[in-house]
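Colleague: I've got a model open and would like to talk through how its strands and core fit together. Can you walk me through it?

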Amino acid sequence: MRKIIPLWVAFLGLSLWVSCGKSDKSEVSRAAETYYNYLIKGKYEDYIHSIAYSDSMTESYRSQMVDLVAQYASREKERRGGLVSVRALGDTVSGDVASVFLEVLFGDSTREEIALPMVRCGEEWKMQ
């Protein structure tokens, strides 16, 4: 019995080390979380810049997009207390396209799961 206890403690320690170690989120999932955090923090221009074709938007169109995103955030603040946090649940990647599955938490404690289409642009992932 005394020999089993140290083995059990070692197993528990190893299990904790593995479970609390490095994040296993993929690059595309981390990018999607980052972009939604821009939305949560009110960084609407950064959020729009995270769209794949944002470099080809006219200044007028980009401004309209920023306004639309700000309106969305304002509406969600009134309806559900605003976006509070985001967490990537997983992703599906096929070459240079992906879908990231996110869970968004709102101020009234409701949660919403969404699928965010992503595309690789050069070395980084952007929203599609």
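Colleague: Which residue in β3 does Phe101 stand opposite?

Modeller: Bear in mind that this is a predicted model. β2 and β3 run antiparallel, with nine bridges joining them. Within β3, the residue facing Phe101 is Ala115.

Colleague: And which residue in the turn between β2 and β3 has a positive phi?

Modeller: Those two strands make a hairpin, with four residues between them. The positive phi there is about 75°, and it belongs to Ser109.

Colleague: Over on the β1 side, what is the bridge partner of Ala88 in β2?

Modeller: β1 and β2 are antiparallel too, and 10 bridges join them. Their hairpin has two residues between the strands, and Gly95 takes a positive phi near 65°. As for Ala88, its bridge partner in β2 is Leu102.

Colleague: How many of the 10 residues in β2 are buried?

Modeller: Buried here means under 20% relative accessible area. By that cut-off β2 is mostly covered, and the number of buried residues is seven.

Colleague: Which element gives the largest share of the largest nonpolar core?

Modeller: That core has 26 residues, and Tyr36, Ile48, Leu102 and Met118 are those with the most contacts inside it. Elements giving two or more residues include α3 (44-49), α4 (59-80) and β2 (97-106). Leu102 also touches residues far from its own stretch of sequence, among them Ala32, Tyr36, Val86 and Leu116. The largest share, six residues, comes from α2.

How values were computed
Residues are numbered from 1 along each chain as its sequence is written. This is a predicted model: local features need pLDDT of at least 70, side-chain atom pairs count only at pLDDT 80 or more; totals for chains, interfaces and linings use all residues. Side-chain values use heavy atoms; hydrogens and water are left out. A nonpolar core is a set of buried Ala, Val, Leu, Ile, Met, Phe, Trp, Tyr and Cys residues joined through side-chain atoms within 4.5 Å. Buried means under 20% relative accessible area, exposed over 50%, partly exposed in between (1.4 Å probe, protein chains only). Contact means heavy atoms within 4.5 Å. Two strands pair if DSSP finds at least two bridges between them. Lists of a residue's contacts leave out its neighbours within four places in sequence.
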